Amino acid sequence: MTVEGWRVWDLVGRLGGQVRAVQGAILGWDMTAALALGQALGVSPLAVAEFLPSIEAVMVRAVNRRMTERNEQ
């Protein structure tokens, strides 16, 4: 609920194509690209480093779960 938190959340919305993946699974975001994009957008690197890994973990679990469910259908 902070300005920096909202800025990181906005960054998350822009990371759609910046993923690390293997066949059949998402591993996470490309953190080098995420930090570079955050810097270009003026987001504090400390805020990105603090918030992004937690958001990434939730994203990875959710996306991989959906992919598994679709493959089982």
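1. Accessible areas here come from the Shrake-Rupley method with a 1.4 Å probe. On that basis the protein chain exposes about 5100 Å², and carbon and sulfur atoms supply 57% of this area. Keep in mind as you read that this is a predicted model.

2. Let's get the layout straight. The protein chain has 3 helices and 2 strands, and going along the sequence they come in the pattern α-β-β-α-α. Along its principal axes, the C-alpha trace spans about 40 × 25 × 15 Å. Of the 73 residues, 25% count as buried.

3. How much of the contact network links residues far apart in the chain? Taking contacts in the protein chain with a separation of 6 or more, 61% are between residues 24 or more positions apart.

4. Next, the strands. Strand 1 (residues 19–22) and strand 2 pair in the antiparallel sense, over 4 bridges. One of the pairings to look for is Arg20 with Gly28, its bridge partner in strand 2. The two strands form a hairpin with 2 residues between them. Have a look at Gly24 in that turn, too: its phi is positive, at about 90°.

5. Now for the inside. The largest nonpolar core has 13 residues, and those touching the most other members are Val8, Leu15, Trp29, Val48, Leu52 and Met59. Helix 1, strand 2 (25–29) and helix 3 (45–72) each supply at least two residues of this core. Which element gives the largest share? That would be helix 3, with 5 residues.

6. Val48 is a good place to zoom in, being among the core residues that touch the most other members. Setting aside its neighbours within four places in sequence, Val48 is in contact with Val8, Leu11, Leu35, Val43 and Pro53.

7. Don't skip Asn64, which also lies in helix 3. Is Asn64 buried or exposed? Its relative accessible area is 18%, and the cut-off for buried is under 20%, so Asn64 counts as buried. Not counting residues up to four places away in sequence, Asn64 touches Ala25 and Ile26.

8. On to the charged pairs. How many salt bridges are there? The count comes to 3. As background, side chains of opposite charge can pair when their charged atoms come close.

9. Glu4 and Arg7 make one of these salt bridges, with the closest N and O atoms 3.9 Å apart. The two residues are separated by about one helical turn, because they sit 3 residues apart in helix 1. Glu4 is partly exposed, at 27% relative accessible area, and Arg7 is partly exposed as well, at 30%.

10. Asp10 and Arg14 form another salt bridge, and here the closest N and O atoms are 2.9 Å apart. Asp10 has a relative accessible area of 39%, which makes it partly exposed. Arg14 counts as partly exposed too, at 47%.

11. Then comes a salt bridge between the side chains of Arg20 and Glu56, at 3.7 Å from N to O. Arg20 lies in strand 1 and Glu56 in helix 3, so this pair ties together parts that are 36 residues apart in sequence. Arg20 is partly exposed, at 39% relative accessibility, whereas Glu56 is buried, at 12%. Arg20 is worth a second glance, as this is the residue that has Gly28 as its bridge partner in strand 2.

12. Back out to the surface. Which residues make up the nonpolar patch of about 500 Å²? They are Met1, Trp6 and Trp9. Trp6 is found in helix 1 and counts as exposed, at 53% relative accessibility.

13. Met1, also in that patch, has its place in the segment before helix 1 (3–13). Why does Met1 count as exposed? Its relative accessibility is 92%, and the exposed class covers values over 50%. Met1 and Ser54 are 53 residues apart in sequence, and their C-alpha atoms are 15 Å apart in space.

Note on methods
Residues numbered from 1 in each chain as written. Predicted model: local features only at pLDDT ≥ 70, side-chain atom pairs only at ≥ 80, totals over all residues. Heavy atoms only, no water. Buried < 20%, exposed > 50% of the residue type's maximum accessible area, 1.4 Å probe, protein only. Core = buried A, V, L, I, M, F, W, Y, C linked by side-chain atoms within 4.5 Å. Contact = heavy atoms within 4.5 Å. Patch = residues over 30% accessible without salt bridge, like charges linked within 9 Å, V, L, I, M, F, W, Y side chains within 5 Å. Salt bridge = Lys/Arg side-chain N within 4 Å of Asp/Glu carboxyl O. Pairing = 2+ DSSP bridges.
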